[in-house]
Amino acid sequence: MITRLLGATVAGLVLLSGTAHAAPIKGEPVLTHNKLYKKGALPKISCKPVKGTTKSSTEKYVKKLVSCLNSAWKGTIDDFQPVAVVFKTDKESCATGLDIAGSYAEICGQAIEVRLANDWINSKNDVKAFAAVMRAWSGVVQGQTGIGRAWWALPNDRTGADMEEQNRRFYLQADCLAGVSAKSLGRKIKNFKPVIAGMEPSEYAGYKWNGKPASRLYWIKKGYQTGKPGACNTWTASSPKVA
């Protein structure tokens, strides 16, 4: 069953009762005025993991990426808790309960869980692995800053439209934070479309939690170009910016 969880994996469309929050969010300072937004650009981290075409080399690559992300964010998130990697073999996603045929990364509890399959292992480039880990890390940021919990608690009017926009604000913020992370690690990105395509497994392609492709491109580029988490405040953006 898909549920609405803390973290930047797949959001469930769970309907909660209450007042509508479509359009820019108000009265939720953890979302709209989080301390994270006042932080400066993340430090530049020398991070050059090498992904080979074996399971062992791919595991080392993922561990190195997460280690670099711990270093990049530890001075920006108050009371930061280092995050470990847990490798899993089963196909079932912790966040959604769906079976994922290939590789994927997601925040699950206090760790990033990674399933390695031949698609990542045999690939001669690291784009999909890199993108998925960056996106999973966004869940760490949103979880440790209270954003995930505040998003989960948002009321809505049960029509679905307001929750859809809440979900888009949350997941577009995750895209933006992934851009911030990539910039901090010194990743050179000229074409963002393959990065966006690699963030989630193909099983989630039919779910439009992030909204339009143009919106995803706008927010990941904004995070990457500025390198600042403050650029990722999707909660006060106009509705067209999170369409």
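Arg135, Asp175, Glu200 and Arg216 are tied together in a network of salt bridges. This is a predicted model, and a search through the whole of it turns up 10 salt bridges. Here are three pairs with their N to O distances:

| Pair | N to O distance |
|---|---|
| Lys88 and Glu113 | 3.3 Å |
| Asp126 and Arg187 | 2.8 Å |
| Arg168 and Glu165 | 3.8 Å |

Take Lys88 and Glu113: they sit in strands β1 (residues 84–88) and β3 (residues 111–115), so this bridge links distant parts of the chain, 25 residues apart. Both partners are buried.

With Asp126 and Arg187, the salt bridge runs loop to loop. Asp126 is in the loop between α3 (118–121) and α4, while Arg187 is in the one between α6 (161–184) and α7, so parts 61 residues apart in sequence get tied together. Asp126 counts as buried because its relative accessibility, 15%, is under the 20% cut-off.

Arg168 and Glu165 are a local affair: they're three residues apart in helix α6, so about one helical turn separates them. Arg168 is buried at 16% relative accessible area, and Glu165 is buried too, at 7%.

Now the pocket. The largest one has a volume of about 420 Å³. Its lining counts 21 residues, with Ile196, Glu200, Ala205, Lys208 and Arg216 closest to the centre. Helices α7 (193–198) and α8 (213–226) each give two or more residues to that lining. By class, you get 11 nonpolar, four polar and six charged residues.

As for the largest nonpolar core, it has 61 residues, and Trp73, Ile112, Trp137 and Trp235 make the most contacts inside it. Helix α4 (residues 127–144) supplies the largest share, 10 residues.

How values were computed: Residues are numbered from 1 along each chain as its sequence is written. This is a predicted model: local features need pLDDT of at least 70, side-chain atom pairs count only at pLDDT 80 or more; totals for chains, interfaces and linings use all residues. Side-chain values use heavy atoms; hydrogens and water are left out. A nonpolar core is a set of buried Ala, Val, Leu, Ile, Met, Phe, Trp, Tyr and Cys residues joined through side-chain atoms within 4.5 Å. Buried means under 20% relative accessible area, exposed over 50%, partly exposed in between (1.4 Å probe, protein chains only). Helices (H or I, at least four residues) and strands (E, at least two) are DSSP runs, numbered from the N terminus. On a 1 Å grid over the protein atoms alone, a cavity is a set of points where a 1.4 Å probe fits but cannot get out, and a pocket is an open set with protein on both sides within 12 Å along at least five of seven lines; lining residues have an atom within 4 Å of a point. Grid points are joined across faces, edges and corners, and a volume is the space filled by probe spheres set on the points. Ala, Val, Leu, Ile, Met, Phe, Trp, Tyr, Cys and Pro count as nonpolar, Asp, Glu, Lys and Arg as charged, and the others, Gly among them, as polar. A salt bridge is a side-chain nitrogen of Lys or Arg within 4 Å of a carboxyl oxygen of Asp or Glu.
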